[in-house]
Amino acid sequence: MITENHNHGGCLNAYPNVLGTIGQTPLIQLGTISKEVGIPVFAKVEAFNPGHSAKDRIAMFMIEAAEKEGRLKPGGTLIEASSGNTGYSLAMVAALKGYKTIITVPDKISKEKLNLLKAMGAKVVICPKEAPPEDPRSYYSRAISLSKEIRNACYLNQNHHPTNAEAHYRTTGPEIWKQTEGRITHFLCASGTGGTISGTARFLKEMNPDIQIIGIDAYGSVLKKYHETNEFDPVEIYSNTLEGVGKSIIPGNTAFDLIDQYIKVSDRESALMARQLARDEGILVGYSSGAVAAGLYKLMHIFRPEDRVVLLFSDHGSRYLSKIFDDEWMQAQGFIDPNEVDENELDTRGISKATSSVRRRVLTYFRDLVESANILP
Ligand SMILES: Cc1ncc(COP(=O)(O)O)c(C=O)c1O
């Protein structure tokens, strides 16, 4: 909300500080994707938040709740386990409110996210991604133990504290409902803590219980199986490179009863799709946004011509320049062929005809995916 600011230099129509710019992110129609899927597809692009991710919304809500509940005192230290985005948003709010921030992160987080956390003044504790949640070395356990060791510390607990989902119930859900004029039929969203999908779903289902809520889960995560069988199966857990998608725990913020189905997507299809989104739509979004768009292609067979689909893109692609937008990283993962030459580079070498472009390979891959969607259950 813009407020008139008479006290600081008479500058009218200014935000009192950066926190006022959180939320009210745009809904953008996706051109190429809408054409390929055959129905209007829109993206709620959360990179337009000042911290470039949806986590700005929950940082404000969680900190204000902790203040009200007396768990957070002036000058205190915020502690959170985060794949990076929540940590950054918390550090941003903390900078304005005078708190210190310590973030425990899994060692798979991108270098960009690590440096962003430090740039915003957070202290970072890097933990092995393989450590199971109950292992004292895991990023969950380290956050809890630090909050006990440090005086005047507050563990915000985005996985279980209900203010996470509440932030999306109060902001993201109503924004999408208004932006689609109530015509949304399907909502696709990555599921990590579950706060984004569950809070948004609660609002949308209250408005229209027929809206289909589709969670995007990663291979290596327990969520889809738990949703379908009510069983927590540790065999489902293995390490992957996706950030923010899937879980090795059952987060209290995931309202499984509001989610109609989960779709699993692979690291590779998510990375390729994020790269394709930049080239086709001009929108540079993160790894999990690629996962959501890849999930859409797997569901193509369910849509009717009158449907209106909203994808939630959680963060900005600049956070993954050293991962999915780096050809060497992609090759090292086996996601693209080392013999392929990117057509961007062909220009600089003066080769006129791209006979084997990455782009063509990616398009062929997704065309195959589209065709296979017709035979998927
Ligand atoms: C990049 C990214 N995408 C998606 C998510 C999932 O959001 P949520 O935790 O609300 O389920 C996260 C959460 O960490 C994230 O960082």
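**Chat about a ligand shell and a buried strand**

Student: So what mix of residue types makes up the shell around the ligand?

Tutor: The residues of that shell divide into 13 polar, three nonpolar and two charged. Keep in mind that this is a predicted model.

Student: Okay. How many residues surround the ligand, and which are the closest?

Tutor: There are 18 residues around the ligand, and Gly192, Thr193, Gly244, Ser288 and Ser314 are the closest. Two elements, α3 (85-97) and α7 (195-207), give two or more residues to the shell.

Student: Which element gives the largest share?

Tutor: That's α7, with three residues.

Student: And where does the ligand lie relative to the domains?

Tutor: Between domain 1 (18-48 + 168-325 + 366-373) and domain 2 (55-155), because both of them give residues to the shell around the ligand.

Student: Back to α7. How far does it reach from its first C-alpha to its last?

Tutor: It has 13 residues and reaches 18 Å, close to the 18 Å expected at 1.5 Å a residue.

Student: Which of its residues are buried?

Tutor: In α7, the buried ones are Gly195, Thr196, Ile197, Ser198, Gly199, Thr200, Ala201 and Leu204.

Student: What do those pack against?

Tutor: Two helices, α2 (55-68) and α6 (163-179), plus the strands β7, β8 (212-218) and β10.

Student: Let's switch to β10 then. How many of its residues are buried?

Tutor: Five of the five, residues 309-313, so β10 is largely enclosed by the rest of the structure.

Student: Which residues sit on which side?

Tutor: Val309, Leu311 and Phe313 are on one side, with Val310 and Leu312 on the other, and both faces are covered. That fits the usual pattern: side chains in a regular strand alternate between the two faces of the sheet.

Student: Which strands are joined to β10 by bridges, and how many bridges are there for each?

Tutor: β2 (residues 41-45) is joined to β10 by five bridges, and the two run parallel. Strand β7 (residues 186-190) is also parallel to β10, with three bridges.

Student: Got specific partners? What pairs with Val45, and what with His186?

Tutor: Val45 has Phe313 as its bridge partner in β10, while His186 has Val309.

Student: Last topic, the whole chain. How many helices and strands, and what percentage counts as buried?

Tutor: The protein chain has 13 helices and ten strands. Of its 377 residues, 46% count as buried.

Student: And what about contacts between residues far apart in sequence?

Tutor: Taking contacts between residues at least 6 apart in sequence, 68% join residues at least 24 apart.

Terms used
Residues are numbered from 1 along each chain as its sequence is written. This is a predicted model: local features need pLDDT of at least 70, side-chain atom pairs count only at pLDDT 80 or more; totals for chains, interfaces and linings use all residues. A residue is near a molecule or strand if its C-beta atom, placed from the backbone, lies within 6 Å of it. Helices (H or I, at least four residues) and strands (E, at least two) are DSSP runs, numbered from the N terminus. Ala, Val, Leu, Ile, Met, Phe, Trp, Tyr, Cys and Pro count as nonpolar, Asp, Glu, Lys and Arg as charged, and the others, Gly among them, as polar. Domain bounds come from an automatic or database domain assignment. A residue is buried if 20 or more other C-beta atoms lie within 10 Å of its own, exposed if 12 or fewer, and partly exposed in between; C-beta atoms are placed from the backbone. Two strands pair if DSSP finds at least two bridges between them. The expected span of a helix is 1.5 Å times one less than its number of residues. Two residues are in contact if their C-beta atoms, placed from the backbone, lie within 7 Å.
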